[in-house]
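This briefing walks through one protein chain by topic. Please look over the sequence and the model before reading the points.

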Amino acid sequence: EEARQWIDRATAQRPEDGDLWLISAELANSQGRPGDAERDYGRALAGNSPKGQVLLKRAMARVTLGKLEEAQQDLSEAVRTSPRSAGVFYVRGVLRVAQKRYEDAQTAFDQALAQAGATLPLRDVVDWRIVADVVNGTGETIDDPSEVGGWPVLAVGRRPLADLDGADAVAREKLIGFSPCAPSHGHAAAD
């Protein structure tokens, strides 16, 4: 109740702030109020929130409300922003189940698992364990990393900074004084 009062005051003071509306939507969703969540996700979309993720969350709220056509519209728009996102495949699966399109739901589930976690160049041991737990139905909530073997020792890697491989890479190249079009320095910097 206190959190709801705080977010209501904050959104009243800054109604253009998409991030506040996203928090409001998440709170409404956690309180089992999908109608309010749907409305506030819409307000978050009008602000500065990450569009693809907000569309997926609003689609889930709309599935809960039985608004399957609107959920499909949100999903279609999210696919344009993040076509290979595991979240896209997950929401597609949930929507297909709600539409009683079970074979399509299984395909979406398989695609979500294929894209889940850090998959490039390979999944690490944590991601493999989580995917295996999902597939086998053996996953459960943990309170401490020791319940799943402790913190894994992960290899430190360096990802090459490839030319024109995305807006963030181009900006990073400009920041460190490289030309984003020069092929000679593709491995000169790392994240």
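Among contacts between residues at least 6 apart in sequence, 37% join residues at least 24 apart. The model is predicted. Its chain contains nine helices and zero strands, so the run of elements from the N terminus is α-α-α-α-α-α-α-α-α.

**Burial and surface**

- Of the 191 residues in the chain, 29% are buried.
- About 12,100 Å² of the chain is exposed, and carbon and sulfur atoms supply 55% of that area.

**Salt bridges**

- Side chains of opposite charge can pair when their charged atoms come close.
- The structure holds 14 salt bridges.
- Glu38 and Arg62 form one with their closest N and O atoms 2.7 Å apart. This pair links distant parts of the chain, as Glu38 lies in helix H3 (residues 34-46) and Arg62 in helix H4 (residues 51-64), 24 residues apart. Both Glu38 and Arg62 are buried.
- Arg14 and Asp17 form a salt bridge in which the closest N and O atoms are 2.3 Å apart. Arg14 is partly exposed because its relative accessibility is 43%, whereas Asp17 counts as buried because its value is 12%, under the 20% cut-off.
- A network of salt bridges links Arg33, Asp36, Arg39, Asp40 and Arg43.

**Helix H8**

- Helix H8 covers residues 125-136, and Asp127 is found in it.
- Asp127 has 15% relative accessibility and therefore counts as buried. Leaving aside residues up to four places away in sequence, Asp127 touches Gly117 and Ala118.
- The side chains of Asp133 and Arg129 meet in a salt bridge, with N and O 3.7 Å apart. These two residues are four apart in helix H8, so about one helical turn separates them.
- Asp133 is partly exposed at 23% relative accessibility, and Arg129 is partly exposed at 30%.
- Val134 also belongs to helix H8. Its relative accessibility is 40%, so Val134 counts as partly exposed.

**Surface patches**

- Val134 joins Phe109 and Ile130 in a nonpolar surface patch of about 240 Å².
- A patch of negative charge on the surface is made by Glu140, Asp143, Asp144 and Glu147.
- Within that negative patch, Asp144 sits in the loop between H8 and helix H9 (167-175). With a relative accessible area of 36%, Asp144 is partly exposed.

Notes: Residues are numbered from 1 along each chain as its sequence is written. This is a predicted model: local features need pLDDT of at least 70, side-chain atom pairs count only at pLDDT 80 or more; totals for chains, interfaces and linings use all residues. Side-chain values use heavy atoms; hydrogens and water are left out. Buried means under 20% relative accessible area, exposed over 50%, partly exposed in between (1.4 Å probe, protein chains only). Contact means heavy atoms within 4.5 Å. Patches are made of residues with over 30% relative accessible area and no salt bridge: like charges are joined within 9 Å, nonpolar side chains (Val, Leu, Ile, Met, Phe, Trp, Tyr) within 5 Å. Accessible areas come from the Shrake-Rupley method with a 1.4 Å probe; for residues, only the protein chains shown count as cover. A salt bridge is a side-chain nitrogen of Lys or Arg within 4 Å of a carboxyl oxygen of Asp or Glu. Lys and Arg count as positive and Asp and Glu as negative; His and the chain ends are not counted. The place of a charge is taken as NZ of Lys, CZ of Arg, CG of Asp or CD of Glu.
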